[in-house]
Amino acid sequence: MSKVIIYTNTSGNVSVCVPTGELPIETVLAKDCPSGSIIVEDSTLPQGDDALFFDAWKLNGSTVSVDMPTAIAHQTTKLNQMAYSEAQHRSAKAGIGLTNVMSDADWTTALTTARSAITASTTTAELVSAIAPIQSAITANAL
Amino acid sequence: MTTTLNAVTSTGLVQTSDGSGVIKVQSNGVTTNALAWVNFTGSSATINANYNVSSVTRNSIGNYTINFTNAMTNANYAWAISYALPSPSANNNASSAIANNGNTTSSLNILMQRQTASSGTTFDTDYVVTCSIFGN
């Protein structure tokens, strides 16, 4: 286990300061971090799928956890960005006479399903699973 | 304190130290060696190796602050960063960029950014990120 320094940054998210060991962590706390920062074991930070949603981490006292409404919003944005790029890719493939692996109707249905799954998610594992079919479809449709 | 490394007047190659422990090899008054460097894993900011870096702070996905153990003499230093681009299969139109989000004598804030047709977005990488600082 290693100790890290955490604090709520000006964006309202959690910053995690990882000391290199050149200086004692108390010195790093005073030199590199704002007032109110605290030292915790890194093992107490969100793990697994929760770790993927770093921008949804919130600090309450000395406990960091995932704020699900924020995580849902971020995952929705991620899905939309993936879908936007893939829409251009699908159009480009069609434009040069190549067939997309998934039909337009099935692609639209998959997106709708993914959006619904994201909205209904209560855990980060469900959020990850919600976009997995879209990621697989994009991979399968690559040139 | 100035310690002569190689007293060849024609090249002016000298080794200096301000007492902080940071060695500067200078040629005609210009420092030629890295004043700080770090190698860390992007997704966790786990430090793999470093010199004159006290910490790396992960502020958001793709946003890191590299804090120097001993401050630079001024903020006009050069920085070089490398990292591996994640698989493009997840975003076929992606290209990558690294932005200086603000540098001071004591730290450098960087953004690892993936540009898409729709919007720019920051991202983390499980691959190693390296950063080197050169200056006087």
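This note walks through a predicted model, point by point.

1. **The elements of chain A.** Start with the secondary structure. Chain A has four helices and five strands. Read from the N terminus, the order is β-β-α-β-β-β-α-α-α. Three helices in a row therefore close the run of elements in chain A, as the order β-β-α-β-β-β-α-α-α shows.

2. **The spread of chain A.** Is chain A as compact as a globule, or more spread out? For 143 residues the globule rule gives 15 Å. The radius of gyration of chain A is 20 Å, well over that value, so chain A is more spread out than a compact globule. The C-alpha trace can also be followed along its principal axes. There chain A spans about 60 × 30 × 25 Å.

3. **A salt bridge within chain A.** Side chains of opposite charge can pair when their charged atoms come close. Over all chains, the whole structure holds three salt bridges. One pair to look at is A:Lys3 and A:Glu41. Their side chains form a salt bridge, at 3.0 Å from N to O. A:Lys3 sits in strand β1 (residues 3–8) of chain A, and A:Glu41 in strand β3 (residues 38–41) of chain A. The pair therefore ties together parts that are 38 residues apart in sequence.

4. **Where chain B meets chain A.** Now turn to the interface. On each side, 28 residues take part: 28 of chain B are in contact with 28 of chain A. The size of an interface is often given as the accessible area lost when the parts come together. Chain B and chain A bury about 2200 Å² between them. Of that area, 46% is on carbon and sulfur atoms.

5. **Contacts across that interface.** How many salt bridges cross between chain B and chain A? The rule finds zero. Polar contacts are another matter. There are 16 residue pairs in polar contact between chain B and chain A, with both residues at pLDDT 80 or more. Three strands of chain B each supply at least two residues of the side that touches chain A: β6 (46–51), β7 (53–60) and β8 (63–68). Which element gives the largest share? That is β7(B), with eight residues. By class, this side of chain B divides into nine nonpolar, 18 polar and one charged.

6. **Two domains in chain B.** The domain assignment splits chain B into domain 1 (1–32) and domain 2 (34–134). Seven residues of domain 1 of chain B are in contact with seven of domain 2 of chain B. Together the two domains bury about 490 Å², with 58% of it on carbon and sulfur atoms. Between domain 1 and domain 2 of chain B there are zero salt bridges. The count of residue pairs in polar contact is also zero, taking pairs with both residues at pLDDT 80 or more. The side of domain 1 that touches domain 2 in chain B has two nonpolar, four polar and one charged residues.

Terms used:
Residues are numbered from 1 along each chain as its sequence is written. Chains are lettered from A and ligands numbered from 1 in the order in which they are written. This is a predicted model: local features need pLDDT of at least 70, side-chain atom pairs count only at pLDDT 80 or more; totals for chains, interfaces and linings use all residues. Side-chain values use heavy atoms; hydrogens and water are left out. Domain bounds come from an automatic or database domain assignment. Contact means heavy atoms within 4.5 Å. Buried area is the accessible area (1.4 Å probe) that two parts lose on being put together, summed over both. A salt bridge is a side-chain nitrogen of Lys or Arg within 4 Å of a carboxyl oxygen of Asp or Glu. A polar contact is a pair of N or O atoms within 3.5 Å; within protein, one must be able to donate a hydrogen and the other to accept it, and residues adjacent in sequence count only if both atoms are side-chain atoms. Ala, Val, Leu, Ile, Met, Phe, Trp, Tyr, Cys and Pro count as nonpolar, Asp, Glu, Lys and Arg as charged, and the others, Gly among them, as polar. The radius of gyration is taken over C-alpha atoms; the globule rule is 2.2 Å times the number of residues to the power 0.38.
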